[in-house]
Amino acid sequence: MGQPVVHWEIAAKDASKLEGFYAQLFDWKISRHSPDYGLVETGGHGGINGGIFQLQEGVPNYNLTFYVHVDDLQAYLDKAEKLGGKTIVPPMPIPNIGQFAMFADPEGHTIGLFKGQ
């Protein structure tokens, strides 16, 4: 049996700005856990919560790609661009499964969008 994903994190150059981006894009609730760490509640059935934290001096930058289930890929790509993101992969079919798309947030993190059949 596989191991479930239980948390995700995004290391941000400007955590406050990036928290605002994701809160507006996906309606996520973000609460301050510490001065440099925002706990993210994604909501919805089966949502996985995570965190956005301020990247500290000397800590290597790392990237993470995760996929968010949405009902309209193009609408979210458009919304991401309006908020300062950039489309990386336009909506593409996944035969017999659904569709996906990808965008970069304002700091360049790549995020996937998924829509099932």
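In the predicted model, glutamate 19 and arginine 32 form a salt bridge, with 2.6 Å between the closest N and O atoms. A salt bridge is defined here as a side-chain nitrogen of Lys or Arg within 4 Å of a carboxyl oxygen of Asp or Glu, and by this rule the count comes to one. The pair links distant parts of the chain, as glutamate 19 belongs to helix H1 and arginine 32 to strand S2 (residues 29-34), 13 residues apart. Helices (H or I, at least four residues) and strands (E, at least two) are DSSP runs, numbered from the N terminus. Glutamate 19 is buried, with a relative accessible area of 9%, whereas arginine 32 is partly exposed at 44%. Buried denotes under 20% relative accessible area, exposed over 50%, and partly exposed the range in between (1.4 Å probe, protein chains only). Side chains of opposite charge can pair when their charged atoms come close.

Because the model is predicted, local features need pLDDT of at least 70 and side-chain atom pairs count only at pLDDT 80 or more, while totals for chains, interfaces and linings use all residues. Residues are numbered from 1 along each chain as its sequence is written, and side-chain values use heavy atoms, with hydrogens and water left out.

The largest nonpolar core contains 22 residues. Such a core is a set of buried Ala, Val, Leu, Ile, Met, Phe, Trp, Tyr and Cys residues joined through side-chain atoms within 4.5 Å. The residues with the most contacts inside this core are Tyr22, Phe26, Trp28, Ile52, Val68, Phe103 and Leu113. At least two core residues are supplied by each of strand S1 (8-12), helix H1 (15-26), H2, strand S7 (98-104) and strand S8 (110-116). H1 provides the largest share, six residues. In soluble globular proteins, nonpolar side chains tend to be buried together.

On the surface, Asp71, Asp72, Asp78 and Glu81 form a negative patch. Patches are made of residues with over 30% relative accessible area and no salt bridge, like charges being joined within 9 Å and nonpolar side chains (Val, Leu, Ile, Met, Phe, Trp, Tyr) within 5 Å. Aspartate 72 is located in the loop between strand S5 (67-69) and helix H2 (73-82) and is partly exposed, with a relative accessible area of 36%. Aspartate 71 lies in the loop between S5 and H2 and is exposed, at 59% relative accessibility. The C-alpha atoms of aspartate 71 and lysine 115 are 6.0 Å apart in space, with their positions 44 residues apart in sequence.

Positive phi values occur at two loop residues that are not glycine. Aspartate 27, in the loop between H1 and S2, has a phi of about 60 degrees and is exposed at 64% relative accessibility. Asparagine 96, in the loop between strand S6 (86-94) and S7, has a phi near 65 degrees and is likewise exposed, at 72%. Most residues other than glycine have a negative phi.

Further positions along the chain were characterised by accessibility and C-alpha separation. Isoleucine 111, in strand S8, is buried at 0% relative accessibility; isoleucine 111 and serine 31 are 80 residues apart in sequence and 21 Å apart in space, C-alpha to C-alpha. Glycine 116 also lies in strand S8 and is partly exposed at 25%. Between glycine 116 and lysine 13 the C-alpha separation is 33 Å, the two being 103 residues apart in sequence. Glycine 2, in the segment before S1, is exposed at 61% relative accessibility. Glycine 2 and phenylalanine 66 are 64 residues apart in sequence, and their C-alpha atoms are 17 Å apart in space.

Note on methods: Accessible areas come from the Shrake-Rupley method with a 1.4 Å probe; for residues, only the protein chains shown count as cover. Lys and Arg count as positive and Asp and Glu as negative; His and the chain ends are not counted. The place of a charge is taken as NZ of Lys, CZ of Arg, CG of Asp or CD of Glu.
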